[in-house]
Amino acid sequence: QVEIVESGGGLVQPGGSLTLSCRASKSVFAIYRMGWYRLTPEKERELVADISSLGITTYSGSVKGRFTLSGDTAKNWVSLQMNRLELEDTALYYCNVSLREYEFAAQYDYWGRGTQVTVSS
């Protein structure tokens with residue numbers, strides 16, 4: 001059973017920085033995309049940033065220029081550097097990994113349990 005391992009998060013003042021990291025718990029056949037989502041006040045998950053197996057990164061407009069996603073799906077790691085954090089960035093952040101566990105398995109999205117980011121003065 002594949003699990004998504006998340007680390008990072010915490011409490012920071014406005015303008016501060018945090019780093020979130022994520023990986024799949026075991027070696028798998030293929031990883032197609034890795035990224036971070038966050039839970040909105042309306043309880044919906046919105047994309048923060050992700051990276052494809054081709055190395056193409058996508059950012060939410062609200063974080064572009066402040067957050068930087070680094071990673072390599074072939075090496076099973078992704079890291080989100082969050083700078084100039086704002087009060088509105090406060091949320092529960094989830095790592096998402098789209099992968100195929102075995103060669104003939106279906107591709108599924110796996111989610112981490114979430115890590116809290118709180119921006120407060």
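Asp89 and Arg66 form a salt bridge in which the closest N and O atoms are 2.7 Å apart. Asp89 belongs to the loop between β8 and β9 and Arg66 to the loop between β6 and β7, so this contact ties together parts that are 23 residues apart in sequence. The model is predicted: local features need pLDDT of at least 70, side-chain atom pairs count only at pLDDT 80 or more, and totals for chains, interfaces and linings use all residues. Residues are numbered from 1 along each chain as its sequence is written, and side-chain values use heavy atoms, with hydrogens and water left out.

## Salt bridges

A salt bridge is here a side-chain nitrogen of Lys or Arg within 4 Å of a carboxyl oxygen of Asp or Glu. Side chains of opposite charge can pair when their charged atoms come close. The structure holds 7 salt bridges, and three of them are listed below.

| Pair | Closest N to O |
|---|---|
| Asp89 and Arg66 | 2.7 Å |
| Glu46 and Arg38 | 2.8 Å |
| Arg66 and Glu86 | 3.7 Å |

Arg66 lies in the loop between β6 (57-59) and β7 (67-72), and Glu86 in the loop between β8 (77-82) and β9 (91-100), so their salt bridge ties together parts that are 20 residues apart in sequence. The strand names follow DSSP: helices (H or I, at least four residues) and strands (E, at least two) are DSSP runs, numbered from the N terminus.

Arg38, Glu46, Arg66, Glu86 and Asp89 are linked in a network of salt bridges. How accessible are these residues? Buried means under 20% relative accessible area, exposed over 50%, and partly exposed in between, with a 1.4 Å probe and protein chains only. Asp89 is buried at 1% relative accessibility. Arg38 is buried at 6%, and Arg66 is buried at 7%. Glu46, with a relative accessible area of 28%, is partly exposed, and Glu86 is partly exposed at 34%.

## Aromatic rings and a charge

Which rings pair? Rings of Phe, Tyr and Trp (its six-membered ring) pair if their centres lie within 6.5 Å; planes under 30 degrees apart count as stacked, over 60 as edge-to-face and the rest as tilted. A search of the whole structure finds 1 aromatic pair. The pair is Tyr37 with Trp111, edge-to-face, with 5.0 Å centre to centre and 70° between the planes. Tyr37 is part of strand β4 (residues 30-39) and Trp111 of strand β10 (residues 107-111), so the pair ties together parts that are 74 residues apart in sequence. Tyr37 is buried, with a relative accessible area of 17%, whereas Trp111 is partly exposed at 33%.

Trp111 also has a charge over its ring: the charged end of Arg45 sits 4.2 Å from the ring centre. Arg45 lies over the face of Tyr94 as well, at 4.1 Å from the ring centre. A charge sits over a ring if NZ of Lys or CZ of Arg is within 6 Å of the ring centre and within 35 degrees of the ring normal.

## The four-stranded sheet

Strands of a sheet pair through backbone hydrogen bonds, either parallel or antiparallel. Two strands count as paired if DSSP finds at least two bridges between them. An open sheet of 4 strands has the order β1-β3-β8-β7, with antiparallel pairing. β1 (4-8) and β7 are at the edges, each with a single partner strand, so one side of each is left without a neighbour in the sheet. The twist averages 15° from one strand to the next, where axes are lines fitted to C-alpha atoms, for helices over the stretch in contact, and angles run from 0 to 180 degrees between N-to-C directions.

Across the sheet, 5 bridges join β1 to β3, and Glu6 stands opposite Cys22 in β3. β3 and β8 pair over 5 bridges, with Leu20 opposite Leu80 in β8. β7 and β8 pair over 6 bridges, and Ser70 has Ser79 in β8 as its bridge partner.

Side chains alternate along strand β3 (residues 18-24). Leu18, Leu20, Cys22 and Ala24 point to one face and are buried, while Thr19, Ser21 and Arg23 point to the other and are not.

## The disulfide

A disulfide is a pair of cysteine sulfur atoms within 2.5 Å, and the structure holds 1. Cys22 and Cys95 form this disulfide, with their sulfur atoms 1.8 Å apart. Cys22 lies in strand β3 and Cys95 in strand β9, so the bond ties together parts that are 73 residues apart in sequence. The torsion about the S-S bond of Cys22 and Cys95 is about -75°, so the disulfide is left-handed. Both Cys22 and Cys95 are buried.
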